[in-house]
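The following exercises concern the packing of helices and the environment of selected residues. Each task is followed by a solution in steps.

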Amino acid sequence: MTDHDDFDLELFFDAAQTQTADASTDLLLRIAGDADAILDARDTPVGSTPIAKVGFLAGLVAMIGGWSAVAGVSTAAVAGLWFGIMAPTGVSALTNGYLTDTSETAYVSDYLPGFDLTDAGE
Amino acid sequence: MPFDALDDVSNEALLVLYANGDRAAARALTMRLTPRVLGYASRVLGDRAEADDVAQEAMLRLWKIAPDWRQGEAKVSTWMYRVVANLCTDRLRKKRSSTLDEVDEPIDETPGVEAQMQQQERARALTLALATLPERQREAVILRHIEGLANPEIAEVLDISVEAVESLTARGKRALATVLAGQREALGIDHD
């Protein structure tokens, strides 16, 4: 490179140095806003995050062990209802024996056909 | 604290003040550093909108690192140039297809219409010529001859040796001279 080339380039560099990149107000505000946001986030105590309010139903569910426990309770309730409606024959006979006041008396042999009273007397 | 009271405070001290919660220190750093990082990013990228984004991102990284800043280990300005250089590199890799016509007009501030226009034309021609250089050469030339950094500081910014900086700037200037040689008359530069 010759000295002349160097001289030429200095003119260009000088020109570039006079051209300043003025930051827009918007950019300066954004940058200052970032600085504030960093401080705000840092100054917020860790425990100050509001705890979500627990509703009555959610509290109840949590108290009995969560939604899986709710499913178990529901299953038991349905099963109980089912047994109530579709009572087994043997159970009906037993309950009839206790709950009805008729001359027909229920005997043990009604429920246990293989049971022999003579054997019981021995 | 009055804004002017921070004029004589170093960048490093301002950063420590900011880390301790001083918002005025952040304002002072913003006003002081933003034009520099914006100018550098604009020249490297040749795109003002992208340079705005890079400047904001670089300043955001400064705010984040403030609590961990260790005084005496590095200059804030050097660290900033380094961050901007890396951000520009990332962006340039993403947009290899930019055309020279997209280079923004430089911002004028010199008095005298004719001289002002000539300065603007030269600055614009230099920006266009810089865009033709390989990225590292461009960065080294801008840092050395426009931003006015010393070679050891440029070496720190670009994470290379001082010898490599000298080589990059020498090759960059040769390439610039070649590109700009054909525009001497148009730019008002005599041949002899």
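**Exercise 1.** Does Asp159(B) count as buried or exposed, and how many C-beta neighbours lie inside 10 Å?

*Solution.* The model is predicted, so that local features need pLDDT of at least 70 and side-chain atom pairs count only at pLDDT 80 or more, while totals for chains, interfaces and linings use all residues. Residues are numbered from 1 along each chain as its sequence is written, and chains are lettered from A and ligands numbered from 1 in the order in which they are written.

Step 1. The criterion uses C-beta atoms placed from the backbone: a residue is buried if 20 or more other C-beta atoms lie within 10 Å of its own, exposed if 12 or fewer, and partly exposed in between.

Step 2. Asp159(B) has 10 C-beta neighbours inside 10 Å and therefore counts as exposed.

Step 3. Asp159(B) lies in the loop between helix H7 (151-158) and H8 of chain B. Helices here are DSSP runs (H or I, at least four residues), strands likewise (E, at least two), and both are numbered from the N terminus.

Step 4. Asp159(B) has a positive phi of about 60°, although it is not a glycine. As background, most residues other than glycine have a negative phi.

**Exercise 2.** State the secondary structure and the buried percentage of each chain.

*Solution.*

Step 1. Chain A comes to seven helices and zero strands. Buried residues make up 11% of its 122 residues.

Step 2. Chain B comes to eight helices and zero strands, and 40% of its 192 residues count as buried.

Step 3. Contacts are judged by C-beta atoms, placed from the backbone, that lie within 7 Å. Among contacts in chain B between residues at least 6 apart in sequence, 60% join residues at least 24 apart.

**Exercise 3.** Describe how helix H6 (residues 135-146) of chain B packs on helix H8 (residues 162-181) of chain B, and place Gln137(B) within this contact.

*Solution.*

Step 1. Two packed helices are described by the angle between their axes and the distance between the axes. Axes are lines fitted to C-alpha atoms, for helices over the stretch in contact, and angles run from 0 to 180 degrees between N-to-C directions.

Step 2. H6(B) and H8(B) pack at an angle of about 95°, with their axes 8 Å apart. The two helices are therefore roughly perpendicular to each other. Angles under 35 degrees count as roughly parallel, over 145 as roughly antiparallel, 65 to 115 as roughly perpendicular and the rest as oblique.

Step 3. The residues that make the contact include Gln137(B), Ala140(B) and Val141(B) of H6(B), and Leu168(B), Gly172(B) and Ala175(B) of H8(B). By class, this contact of H6(B) with H8(B) has six nonpolar, three polar and five charged residues. Ala, Val, Leu, Ile, Met, Phe, Trp, Tyr, Cys and Pro count as nonpolar, Asp, Glu, Lys and Arg as charged, and the others, Gly among them, as polar.

Step 4. Gln137(B) is buried, with 21 other C-beta atoms within 10 Å. Leaving aside neighbours within four places in sequence, Gln137(B) is in contact with Leu168(B), Arg171(B), Gly172(B) and Ala175(B). Gln137(B) and Gly172(B) are 35 residues apart in sequence but 5.2 Å apart in space, C-alpha to C-alpha.

**Exercise 4.** What angle and axis distance describe the packing of H2(B) with H3(B), and what are the values for H2(B) with H6(B)?

*Solution.*

Step 1. H2(B) and H3(B) pack at about 135°, with their axes 8 Å apart. That makes H2(B) oblique to H3(B).

Step 2. Residues of H2(B) including Leu33(B), Val37(B) and Ala41(B) meet residues of H3(B) including Ala51(B), Ala55(B) and Met59(B). The residues of the contact of H2(B) with H3(B) divide into 10 nonpolar, three polar and three charged.

Step 3. H2(B) and H6(B) pack at about 140°, with their axes 10 Å apart, and are therefore oblique to each other. Tyr40(B), Arg43(B) and Val44(B) in H2(B) meet Arg138(B), Glu139(B), Ile142(B) and Ile146(B) in H6(B). By class, the contact of H2(B) with H6(B) has four nonpolar, no polar and three charged residues.

**Exercise 5.** Which helices do the buried residues of H3(B) pack against?

*Solution.*

Step 1. Among the buried residues of H3(B) are Val54(B), Ala58(B), Leu62(B) and Trp63(B).

Step 2. The buried residues of H3(B) pack against helix H2 (25-43) of chain A, together with helix H2 (23-45) and helix H4 (76-94) of chain B.

How values were computed
Two residues are in contact if their C-beta atoms, placed from the backbone, lie within 7 Å.
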